[in-house]
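This report describes selected features of one molecular structure. The sequence and the coordinates are shown below, and the account follows from them.

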Amino acid sequence: KWGNEMVGDEYKVTSLKDTKLSNSMFFIQIMNSIEPRAINWDIVVKDKEEKEDKENNAKYAISIARKLGACVFLVWEDITEVKSRLLLTFLASLFDVAQNYKKK
C-alpha cells in the first residue's frame, strides 16, 4: 500500500509478485518520491521491456538505494526475476529510508 502511494498510477502494482516489478520502475519511482535529485533519468529505460534494459534498471535501482542509505539484501537478478520475499526486504528498506530521510 505504501509503495503504491509513493508512485503514479502508471506504476502501481497489485502485489510483490506482479511481473511489472521486473523493470524496476516501481522502485525507481519510490526513490524519486524520496529524493528526486538522486535519479538521473537519462540512465533509466522506461518504455522497453528488453532483458538488458531490465538488468540495467535493476542495477541502477540498487545503486540509487545505496546512495540514499538503504540496506540492500538483494541482487539485480532478484528484481528482474520478481522474487517477492527479497522485493519485500528491498521495499522495507526503502520505507525505512523514506521515514528517516527528511530528518537528516
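## Lysine 54

Lysine 54 is buried, because its relative accessible area of 18% falls under the 20% limit. The model in which this value was computed is a predicted one. Lysine 54 belongs to helix α3, a helix that spans residues 51–68.

When neighbours within four places in sequence are left aside, lysine 54 is in contact with Ser22, Asn23, Ser24, Glu49 and Thr80. Two of these partners, Asn23 and Glu49, also appear in the lining of the largest pocket.

## Asparagine 23

Asparagine 23 is located in the loop between α1 (2–6) and α2 (25–34). With a relative accessible area of 11%, asparagine 23 is buried, since the value is under 20%.

Neighbours within four places in sequence again being set aside, the contacts of asparagine 23 are with Glu49, Lys54 and Asn57. Glu49 is thus a contact of asparagine 23 and also a contact of lysine 54.

## The largest pocket

The largest pocket holds about 170 Å³ of space. Its lining consists of Glu10, Tyr11, Thr19, Lys20, Asn23, Met25, Phe26, Lys46, Asp47 and Glu49. Sorted by class, this lining has five charged, three nonpolar and two polar residues.

Asn23, from the loop between α1 and α2, is one of the lining residues. Met25 and Phe26 also line the pocket, and both are among the buried residues of α2.

## Helix α2

Helix α2 is mostly covered, with eight of its ten residues buried. These buried residues are Met25, Phe26, Phe27, Ile28, Gln29, Ile30, Met31 and Ile34. They pack against four helices, namely α1, α3, α4 (76–80) and α5.

## Packing of α3 and α5

Helix α3 (residues 51–68), which carries lysine 54, packs with helix α5 (residues 84–101) at an angle of about 35 degrees. The axes of α3 and α5 lie 10 Å apart, and the crossing of the two helices is left-handed.

On the α3 side, the contact is made by Ala61, Ile62, Ala65 and Leu68. On the α5 side, the residues that meet them are Phe90, Leu94, Val97 and Tyr101. In terms of class, the contact of α3 with α5 comprises eight nonpolar residues, with no polar and no charged ones. Residues three or four places apart on an α-helix point the same way, because the helix has 3.6 residues a turn.

Notes
Residues numbered from 1 in each chain as written. Predicted model: local features only at pLDDT ≥ 70, side-chain atom pairs only at ≥ 80, totals over all residues. Heavy atoms only, no water. Axes fitted to C-alpha atoms, helices over the stretch in contact; angles between N-to-C directions. Left-handed = near helix turned anticlockwise from the far one by under 90°. Contact = heavy atoms within 4.5 Å. Nonpolar A, V, L, I, M, F, W, Y, C, P; charged D, E, K, R; others polar. 1 Å grid on protein atoms, 1.4 Å probe; cavity = no way out; pocket = protein on both sides within 12 Å on 5 of 7 lines; lining within 4 Å. Points joined across faces, edges and corners; volume = space filled by probe spheres on them. Buried < 20%, exposed > 50% of the residue type's maximum accessible area, 1.4 Å probe, protein only.
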